[in-house]
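Biologist: Please take a close look at a single part of this model. I would like one connected account of what is found there.

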Amino acid sequence: MKDILLAISTYRKDRGWTEYQLAEKSGLPQSTVSSWYRKGLFPTVPSLEKVCAAFGITMSQLFSEGNDPVTLTSSQRILLDKWASLSKEQQDAVIAMMDVMNH
């Protein structure tokens, strides 16, 4: 899976923006943007939509690996939103459970 925080950082740095400027341009609280990095949190889908709007890109462009666009289904959006609220330990547990289910 693509490192979304790295992708956001890359888009931000390409524009010469600080975390504060990204927050300002996206309409998100600066504390929200900085907490993604400090706590290793995954942004919610609504937050990602605001970030993409600030960058002038689509969600597909943000999530794309290389030049292949990605379209999220409504189920995938719900899953990403729920994933964002989990702690690192909970995310690890979910991945372990999914690994067991896929075997």
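Modeller: The model is predicted, and the second largest pocket is a convenient place to start. This pocket holds about 200 Å³ of space. Rolling a probe the size of a water molecule over the atoms is what reveals such empty space. Ten residues line the second largest pocket, and those nearest its centre are Gly-40, Leu-41, Phe-42, Trp-83 and Gln-91. Sorted by class, the lining has six nonpolar residues, two polar ones and two charged ones.

The part to look at closely is helix H7, which runs over residues 88-101. In helix H7, Lys-88 and Asp-92 are four residues apart, so about one helical turn separates them. Side chains of opposite charge can pair when their charged atoms come close. Lys-88 does form a salt bridge with Asp-92, and their closest N and O atoms are 2.9 Å apart. The structure holds one salt bridge. Its two partners differ in class of exposure: Lys-88 has a relative accessible area of 52% and counts as exposed because the cut-off is over 50%, whereas Asp-92, at 37%, is partly exposed.

Further along, Met-98 also lies in helix H7. Its relative accessibility is 41%, so Met-98 counts as partly exposed. Together with Met-97 and Met-101, Met-98 makes a nonpolar surface patch of about 340 Å². Helix H7 therefore includes both the salt bridge pair, Lys-88 and Asp-92, and one of the patch residues, Met-98.

Technical notes:
Residues numbered from 1 in each chain as written. Predicted model: local features only at pLDDT ≥ 70, side-chain atom pairs only at ≥ 80, totals over all residues. Heavy atoms only, no water. Patch = residues over 30% accessible without salt bridge, like charges linked within 9 Å, V, L, I, M, F, W, Y side chains within 5 Å. Areas by Shrake-Rupley, 256 points an atom, 1.4 Å probe, with all protein chains shown as cover. Salt bridge = Lys/Arg side-chain N within 4 Å of Asp/Glu carboxyl O. Helix = DSSP H or I, 4+ residues; strand = E, 2+ residues; numbered from the N terminus. Buried < 20%, exposed > 50% of the residue type's maximum accessible area, 1.4 Å probe, protein only. 1 Å grid on protein atoms, 1.4 Å probe; cavity = no way out; pocket = protein on both sides within 12 Å on 5 of 7 lines; lining within 4 Å. Points joined across faces, edges and corners; volume = space filled by probe spheres on them. Nonpolar A, V, L, I, M, F, W, Y, C, P; charged D, E, K, R; others polar.
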